[in-house]
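Welcome, and please have your viewer open and ready. We will go through the model one selection at a time.

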Amino acid sequence: QMCIRDSFLIIHGLTGGSNKDYIQQLVRHAQKKGFRVVVFQNRGINQTPLTTYEVSNPSNSKDIQQAVNHIHQKYPKSKIVACGMSFGGNQLIRYLIDTQSKSLIEGAALVSTPFSVSKCIRGLNKSVFERYFVKRYLATVIWKYRHVLKPKEQEGVISIDEIMKSVTLADLYGSLHAKMFNFKDAWDYFKEADVHEEDLSLLDIPIFVLHAKDDPITKLECVIPKDVLQRHSNIIYAETHKGGHVNWFSGWKPTRWYPLPVLEFAQAVLNE
């Protein structure tokens, strides 16, 4: 039986955080199932202070590794199951690819997750969603912590004025992340985050992928084809006709139902 204090790690989307309703509903469901719930927050997101000029780098899994190692060190007898939401799912996959057999995670759920970040960004080009993501990141991270980023501007690495003029995600990542982390441009940076079909062979733990056909942000072309996913014995792929992006509402007083299959999967992994 599942230990009452096994750990459930949640990784939010691009501009999310533990304050978002889609995260909080999953947290409440997981707590009711007896999990110790941990929400990973990227640097500078949702009141998490940006204490150094190094902004969150989604193409690198070192922050996820540090979070998982911290949970393991603090609760060494606790098994860990993780759930990545949207872009957080992409971060989770790449953590699993980078660590492989050294991963401390027993199973992973990927909800509304882009496998191809490049295709996802192209699909969002000049959309209302892209404008929201860019404006929110500029306001809550770049402008708020401009004093922390100033040394990199003084070194000539970045220009805060140029970053603040960003209209698209390619503008933002090209003027900040690509320059900060030594990539040629935004698309070179996005390519680093892409997960390919051949990478799936490196995933040797149970994986649950949940996606909606009508997802307007992570469109189906951003996901590895379902026939490819279904060929892997350790991957469960569930696709719904409706559900939007991390939504899946039901009931007269709408609540998200996606936590139910995610946690059913988590419990099955731990009860194996």
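The tour starts with the whole chain, then visits two helix pairs and three single residues.

**Stop 1: the whole chain**

Before selecting anything, keep in mind that this is a predicted model. Show the protein chain as a cartoon and you can look for 12 helices and eight strands. Its radius of gyration is 18 Å, close to the 19 Å that the globule rule gives for 272 residues, so the chain is as compact as a globular protein of that length. Along the principal axes, the C-alpha atoms fill a box of roughly 55 × 40 × 40 Å. If you colour by accessibility, 54% of the 272 residues count as buried. Contacts reach far along the sequence too: among those with a separation of 6 or more, 75% link residues 24 or more positions apart.

**Stop 2: helices H1 and H12**

Select residues 21-32, which form helix H1, together with residues 259-270, which form helix H12. How do these two helices cross? Their axes come within 10 Å and cross at roughly 45°. An angle of that size is why H1 counts as oblique to H12. The crossing of H1 past H12 is right-handed. Now show side chains where they meet: H1 brings Gln25, Leu26, His29 and Ala30, and H12 brings Pro259, Leu260, Val262 and Leu263. By type, this contact of H1 with H12 has six nonpolar residues, two polar ones and no charged ones.

**Stop 3: helices H2 and H3**

Next, select residues 62-74 for helix H2 and residues 87-99 for helix H3. Here the axes come within 9 Å and cross at roughly 80°. Angles of 65 to 115 degrees count as roughly perpendicular, which means that H2 is roughly perpendicular to H3. Which residues meet in this pair? On the H2 side, look for Ile64, Gln65 and Val68; on the H3 side, Gln91, Tyr95, Asp98 and Thr99. The contact of H2 with H3 divides into three nonpolar, three polar and one charged.

**Stop 4: glutamine 47**

Go to the loop between strand S2 (36-40) and H2, and pick out glutamine 47. Although glutamine 47 is not a glycine, its phi is positive, at about 70°. Is glutamine 47 buried or exposed? Its relative accessible area of 62% makes it exposed.

**Stop 5: tryptophan 248**

Move on to the loop between strand S6 (235-240) and strand S7 (249-250), where tryptophan 248 is found. Tryptophan 248 also has a positive phi, near 55°, in a residue other than glycine. Turn on a surface and check its accessibility: at 1% relative accessibility, tryptophan 248 counts as buried.

**Stop 6: tyrosine 173**

For the last selection, choose helix H8 (residues 169-175) and find tyrosine 173 in it. Tyrosine 173 counts as buried, with 6% relative accessibility. What does tyrosine 173 touch, leaving out residues up to four places away in sequence? Show Leu14, Pro58, Ala178, Ala186, Tyr189 and Phe190, and you have its contacts. You can finish with a distance label from tyrosine 173 to isoleucine 163: they are 10 residues apart in sequence, and their C-alpha atoms are 8.6 Å apart in space.

Notes
Residues are numbered from 1 along each chain as its sequence is written. Side-chain values use heavy atoms; hydrogens and water are left out. Axes are lines fitted to C-alpha atoms, for helices over the stretch in contact, and angles run from 0 to 180 degrees between N-to-C directions. Helices (H or I, at least four residues) and strands (E, at least two) are DSSP runs, numbered from the N terminus. Angles under 35 degrees count as roughly parallel, over 145 as roughly antiparallel, 65 to 115 as roughly perpendicular and the rest as oblique. A crossing is left-handed if the near helix is turned anticlockwise from the far one by less than a right angle, and right-handed if clockwise. Contact means heavy atoms within 4.5 Å. Ala, Val, Leu, Ile, Met, Phe, Trp, Tyr, Cys and Pro count as nonpolar, Asp, Glu, Lys and Arg as charged, and the others, Gly among them, as polar. The radius of gyration is taken over C-alpha atoms; the globule rule is 2.2 Å times the number of residues to the power 0.38. Buried means under 20% relative accessible area, exposed over 50%, partly exposed in between (1.4 Å probe, protein chains only).
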